[in-house]
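Dear colleague,

Please find the structure we discussed handed over below. My notes on what was found in it follow directly after.

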Amino acid sequence: MTMSVKNLITAAGWQFLIPLYFTVTYSVVYQIQKHYTLATVISALPVLLVICFAEIFSRVDTELFWWSFFLGGLITVCVQLAASAVIWKKQKNCRYLSLIPQQDEEPSLLLSSAYTEEDTQKALQEAEAFLKEQKISRNTADQAVLCMDEIFHNIIQHAKVRKTGYYNARLRIGQALHVTVRDDGTPFNPVLTEEQLEDRNRLSPEAAPGLRIINRMNSEIKYSFVCSQNMLQLRWDLS
């Protein structure tokens with residue numbers, strides 16, 4: 001084997017190993033961010049590209065075979081950078097989704113709780129104390145805390161997220177009492193019609209009472225899944 005061929009092999013190895021290192025790093029980051037499909041594609045891409053280019057170059061000219069490593073690695077890095085730019089752009093405005101618009105003079109309370117029973121109870125006690133301090137009627141306050149209790153426990157029991165994370169809630173008092181809850185768990189829409197509640201009752205009887213509490217004990221309820229986050233907004237009219 002001549003020195004030039006050895007140099008080509010060494011160069012090809014570095015040209016492939018460096019992008020492969022970044023590929024593994026990016027793949028782990030994507031998995032942490034729950035982009036599992038993208039992580040799988042990124043992991044397989046460099047190998048598939050090298051095989052594809054190697055097949056093409058070997059038919060054209062065997063001396064071009066080593067370029068398959070360089071091109072495979074280069075295209076992989078470009079795809080990673082493009083995917084990262086798209087994800088960053090989408091998530092740029094998602095950081096404070098739980099902070100619903102409000103006037104400066106409106107009283108509000110921001111809660112951040114770990115996925116544990118102890119932290120959840122502390123959050124509920126803070127919410128109850130805040131509503132009492134703002135002199136919200138006992139009936140409305142009880143309904144709000146009961147709904148939050150049900151929502152929080154659904155999150156910590158069924159969200160299927162890393163237990164080191166946090167979920168957030170914001171209470172805002174203006175013309176109405178607004179409660180916004182955000183978590184990054186499994187998509188779940190609790191806003192159901194009576195027919196859907198009956199179907200859910202047949203499939204999962206233990207979940208139906210809690211869903212009825214959430215759906216009925218408020219003036220308005222909205223759900224959306226945005227930026228990989230569950231967003232639940234509830235409103236109680238204040239007389």
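Helix H2 (36-60) and helix H3 (67-91) each supply at least two residues of a nonpolar surface patch; helices (H or I, at least four residues) are DSSP runs, numbered from the N terminus. The patch, of about 540 Å², is made by Ile 56, Val 60, Leu 64, Trp 67, Phe 70 and Leu 74. H3 gives the most to it, with three residues. A patch here is made of residues with over 30% relative accessible area and no salt bridge, with nonpolar side chains (Val, Leu, Ile, Met, Phe, Trp, Tyr) joined within 5 Å and like charges within 9 Å. Accessible areas come from the Shrake-Rupley method with a 1.4 Å probe, and for residues only the protein chains shown count as cover.

Please note that this is a predicted model, in which local features need pLDDT of at least 70 and side-chain atom pairs count only at pLDDT 80 or more, while totals for chains, interfaces and linings use all residues. Residues are numbered from 1 along each chain as its sequence is written, and side-chain values use heavy atoms, with hydrogens and water left out.

Ile 56 of the patch lies in helix H2 and is partly exposed, at a relative accessible area of 43% (buried means under 20%, exposed over 50%, partly exposed in between; 1.4 Å probe, protein chains only).

H2 also holds a salt bridge between Glu 55 and Arg 59, that is, a side-chain nitrogen of Lys or Arg within 4 Å of a carboxyl oxygen of Asp or Glu. The closest N and O atoms of Glu 55 and Arg 59 are 2.7 Å apart. Because the two residues are four apart in the helix, about one helical turn separates them. Glu 55 is partly exposed at 40%, whereas Arg 59 is exposed at 67%.

The structure holds seven salt bridges. Another of them joins Arg 138 to Asp 142, with the closest N and O atoms 3.3 Å apart; these residues are likewise four apart, in helix H5. Arg 138 is exposed, at 65%, and Asp 142 partly exposed, at 37%. Glu 220 and Lys 222 also meet in a salt bridge (3.9 Å, N to O), and both belong to a network with Arg 235 and Asp 237.

Finally, helix H4 (residues 117-133) and helix H5 (residues 138-158) pack at about 160°, with their axes 10 Å apart. Axes are lines fitted to C-alpha atoms, for helices over the stretch in contact, and angles run from 0 to 180 degrees between N-to-C directions. H4 is therefore roughly antiparallel to H5 (angles over 145 degrees).

With kind regards

Conventions:
Parallel < 35°, antiparallel > 145°, perpendicular 65-115°, else oblique.
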